[in-house]
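Hi,

Here is the structure I promised to pass on. Have a look at it first, then read my notes below with the viewer open.

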Amino acid sequence: MKISIDWLKDYVSLDLSDTQVISTLNRIGMLVDEWEETEDDTILELETYANRPDTLGHLGVARELAAALGIPLNMPDISIVENDKQIAEHFDIQIMDEDLCPRYCGMIVSGIEVGPSPDWLQKRLRALGLVPVNNVVDVTNYVLFATAQPIHAFDLAKLKGSKIMVRRAKRGEGMRTLEGRDVALSQDMLVIADEKDPVALAGVIGGEKSAVSEATRDVLIESAYFDPVSVRQTWKKAGVQTDASYRFERGADIKFPPHAAALAATLLTQMGGVAYQGMLDVYPKPARPKAVVIRHHRTLELLGAEIEEAFVTKTLKDLEFQLKEQQPGIWQVTVPTFRVDIEREADLIEEIARFFGYENIPSQLPMWETVDLSQDRKRSLETGLRQLMFHQGFDEVVNYSFTDPAREELFRRDRGAIAIRNPISTRAALLRTTLLNGLLQTVVWNKNRGAEGVHVFELGHIFSQDEEDKRELQAMGMITWGALEAPHWQGPGLTTDFFHLKGTCESLVASLGYQAVSFQSQDHPFFEAGHALALHLKGTEAGILGRLKPEILEAYDLNEPVWAAEIDLDVAFEIQPHVFHCVPVVKYPSVIRDISFLIDRGVPYQGIKEILDGLNLPYLERHTLYDRYTGTGVPEGKVSLSLRFVFRHPQKTLQAGEVDALQEKIGKALRSNFEIQLREGGEN
Amino acid sequence: METLKNRIQGLRDQFAQAAPQVLDQAALQELRNLYLSRKKGHLTQLFELMKGLAPEQKPAAGQEVNSFKQYVQSELDRLEKELQAPSRSGPSVDLTLPGRASYWGAPHPVLLIKERIEQIFLRMGFSIEDGPEMETDFYNFEALNFPPHHPARDDWDTLYIDDDLLLRTHTSPVQIRVMEKKKPPIRMINPGKVFRKETPDPTHLPMFFQVEGLVVDHGITFAHLKGTLEYFLKALYHDSIKIRFRPSFFPFTEPSAEVDIGCTVCNGEEDDCRVCKGTGWLEILGAGMVDPQVFKNVNIDPEKYSGFAFGMGVERTAMFSFQIPDLRYFYENDLRFIRQFSKK
């Protein structure tokens, strides 16, 4: 909000430089975002606060300054030229819905010549970036920006009858606003009506029919208090937000309407108008002032600073709170009606802290006690996963959690997507159901910018719904395309493939401490048939990996293979890991045996591995597949596999005969389960 | 005698010149023969020459010739060893060729800073808590002292799923969820993603990360808030960073504060600094003492306990730390941007 320093000087005698004014305001929490020096003024851009509507006018800001500087606040002068007519004899105000309008004041000023405002007034408004309209409209704007109390002026001649009614709108009523917009009214909207029709949307905007024009001679000044929630709902429904509604919805000062009306009348009579005597002030149930108790010892307990009693009482009095001592160090504080934000003791302590100065409160580290010794397992797992992915050469990315429905459709599976009711754009209308869509877009973005390989991962939440429930899951996605390394003079760099992705998944599972892991072929809507595996941890499916299907890649104009995996971390983290303990290093030497054989190419390696694992051979430390060969010497349809077995006895050196027996057992098991042909020379 | 000496000197120079040319066994054998051959070798000839000298000259001459013979012998041995070493078995290697570096993935800069922030609070014994990104109106607003229809809600442009569900606009709901479950003392941070209805531009994003924190215990004061956050900021930036606490107004804290640090770019010395706009200060944290109503909402007695809460945007902090000019960089995922952080 714009604040003119020159205007502030109408209410406080400022003997300070602009910089001093700005730093004084900042010190008490009225943040000056920026400022601009003009010829004879400085205009501040002041931050506004939803719970400080009293500072939405110059008077309120001046009050804060006066308290901070310990100088008096000068209220605007009231001096009204009156005629001999009593307003009450000529006009009437009736509030039908007191709940939405507890107070309504009206004054009449007659004989106005509508025309340009005096220079000083035009200058005030221009300083705030407003365009002067005419003296009547300018006065209403002036009062609003001076006092934060919105007021309105009706052309008295255009009101039907001599009565204003404040009531809820009737079914089917409508109104054209000052701006020329037609608003359909509903029965929960409060309107100001003459004896026939609504003439203003209460607290929001006036109607066109009763608007002040060049021909206006007599005006009815409205100065009222409207219920904040009602004003807010009305402007939202009508789609019209104004400086008035902005203030009313935050809470006006219920004590102030008569003063604002009188200020308007003062100005209008200075410009040649004459006011009717008296004021209509309908205020059937005057509000009881709020009372809050403050205890001096609480200032120390909450602020950690020794603040003298005298400072507490002086600060509150300077801010126009009234204090009554109940006991030594305990006061009952009556809150001025303009401070809608003050309800509890803590609010008063905030006032004291603000004026005491945050820089004067000491800095202390609390004497911490240990709160919780339990390890944050999920966090340490996440940290471990990220380190592992970096080690595997994957870069970390973060994609938006919203997606384009058209793109999300490509990754459709057995879960529904959650829609955002008011999305930032139609292309961000859904919550993502998978991380892979965003990751694929990362591949495309970087490929289009010259990348030759993209290997990235993301940890994040995905969302889905079925008929019952909306769900949020934690997932990890990874994607790999293209070159893994830049070419080097010693040879061309590696290019990614399925086994790079699978190896990463295997390392990942190992890093989580899971041993019972298996991969099973699975058809999945994201992946090409026969090119996907499901990752199972202790029998529970925890993820999927494979080669993205061509339909998805084509939608992104990609014609090279892309492999991707998505791990369900909620599932993975839930599974209890294998308990780690260290195994003693055996000092006896190992015996290594290599076995090579021909087998049908169609036999999956996993089947062979399961048979070998199932043998539970004693002294077998590990076995690995170290060669896989097709080509010269290998018949069509067959493949040559070479496995290495490492045997070691924990307490002695194994004898050749003992290992021969074990090797024989392996050969037998392979022969009885598969059609194999052992290759000569495969042993050593 | 002088003739002999000169001859030895000449042969010594010739040998020294020939030795580096020896690149294989054949050349070595040739050199060996040239000097040590029993028939025509230079040394054999020298010994022959010595025979013709006067007897009194012989001892000195013998010394000269023997010393030269030792020199030749040891040089030939050295050459022999070098030829056997592998480096001499092929052409010599150009050690200035580039090495083979390993490729290490880069962390996302926001998560990098988030982790640094977390590490500092972990050192102070804070726990790290998280919660759902899809929240209810109650946890996101009401429990935090935002009544329905309050204009304070306008400061948070909210993305709604339905009347009750929304995308959390701050991570504060996690604090409510923790306070409902745990009793004080509580000392936690709650980092995470938050959402606002904003169109991306250099200074706005519809999604960003926050780290918020909460301390609840007996006797927690505003002085503790100051001490803790000063410690944190010094640990995150450096020990002599300028720190300023200013009053502010948040619905969920009384009193409320905003915390500024001295501009990390111009250090308050440039009037036209792009980052601090010449003010010398950067707003980095919002904080305050927990509102008693928030405590009542989670059944903590505000007369017995007090606490403070704080929050910061991670992207802003990353921008200040790394001088990143545009917020949109963060979620474009351009690897030319992200890869730079593999070095951090």
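Let's begin with A:Glu47, which counts as partly exposed because its relative accessibility is 32%. You'll find A:Glu47 in the loop that runs between strand S3 (42-46) and helix H3 (58-69) of chain A. A:Glu47 has company there: together with A:Asp33, A:Glu34 and A:Glu36 it makes up a negative surface patch. Before you go on, keep in mind that this is a predicted model.

Next, the salt bridges. Over all chains, the count comes to 70. I picked out three pairs in chain A for you to click on.

The first pair on my list is A:Arg103 with A:Asp281, whose closest N and O atoms are 2.6 Å apart. These two belong to distant parts of the chain: A:Arg103 sits in strand S6 (residues 103-110) of chain A, A:Asp281 sits in strand S16 (residues 280-282) of chain A, and 178 residues separate them. Are the two partners buried or partly exposed? A:Arg103 is buried, because its relative accessibility is 7%. A:Asp281, with a relative accessible area of 34%, is partly exposed. The cut-off used here is that buried means under 20% relative accessible area.

Now go to A:Arg432 and A:Glu458, whose side chains meet in a salt bridge at 2.9 Å, N to O. A:Arg432 is in the loop between strand S22 (430-431) and helix H15 (436-447) of chain A, while A:Glu458 is in strand S23 (residues 453-465) of chain A, so this pair ties together parts that lie 26 residues apart in sequence. A:Arg432 has a relative accessible area of 2%, so A:Arg432 is buried. A:Glu458 is buried as well, with a relative accessible area of 1%.

My last pair is A:Arg339 with A:Asp341, where the closest N and O atoms are 2.9 Å apart. A:Arg339 is buried, at a relative accessible area of 1%. A:Asp341 is also buried, and its relative accessible area is 13%. What else are these two joined to? Salt bridges with shared partners put A:Arg339 and A:Asp341 into one network with A:Arg52, A:Asp54, A:Glu64, A:Glu351 and A:Arg354.

On to the strands, with a bit of background to help. Strands of a sheet pair through backbone hydrogen bonds, and they can do so in a parallel or an antiparallel way.

Switch to chain B and look for an open sheet of 7 strands, in the order S1-S4-S5-S9-S8-S7-S6, with mixed pairing. Which strands stand at the edges? They are strand S1 (127-128) and S6 of chain B; each has a single partner strand, so one side of each is left without a neighbour in the sheet. Even so, S6 (residues 243-250) of chain B is mostly covered, with 6 of its 8 residues buried. The partner to look at is strand S7 (residues 253-262) of chain B, which pairs with S6(B) in the antiparallel sense over 7 bridges. S6(B) and S7(B) form a hairpin, and 2 residues lie between them. To trace the pairing on screen, match B:Ile243 with its bridge partner in S7(B), B:Ile261. Then try B:Ser248, which stands opposite B:Ser256 in S7(B).

Back in chain A, have a look at strand S31 (residues 638-647). In this strand 8 of the 10 residues are buried, so S31(A) is largely enclosed by the rest of the structure. How many bridges join strand S29 of chain A to S31(A)? There are 10, and S29 (residues 591-600) runs antiparallel to S31(A). One facing pair to find is A:Arg593 and A:Phe645, the latter in S31(A). Strand S30 (residues 620-629) of chain A also pairs with S31(A) in the antiparallel sense, over 8 bridges. Here A:Thr624 has A:Arg644 of S31(A) as its bridge partner.

One last stop is A:Ser230, in helix H7 (residues 228-238) of chain A. A:Ser230 is buried, because its relative accessible area is 7%. From C-alpha to C-alpha, A:Ser230 and A:Phe91 are 26 Å apart in space, and in sequence they are 139 residues apart.

Happy browsing!

Technical notes
Residues numbered from 1 in each chain as written. Chains lettered and ligands numbered in written order. Predicted model: local features only at pLDDT ≥ 70, side-chain atom pairs only at ≥ 80, totals over all residues. Heavy atoms only, no water. Patch = residues over 30% accessible without salt bridge, like charges linked within 9 Å, V, L, I, M, F, W, Y side chains within 5 Å. Areas by Shrake-Rupley, 256 points an atom, 1.4 Å probe, with all protein chains shown as cover. Salt bridge = Lys/Arg side-chain N within 4 Å of Asp/Glu carboxyl O. Lys, Arg positive; Asp, Glu negative; His and termini not counted. Charge placed at Lys NZ, Arg CZ, Asp CG, Glu CD. Helix = DSSP H or I, 4+ residues; strand = E, 2+ residues; numbered from the N terminus. Buried < 20%, exposed > 50% of the residue type's maximum accessible area, 1.4 Å probe, protein only. Pairing = 2+ DSSP bridges.
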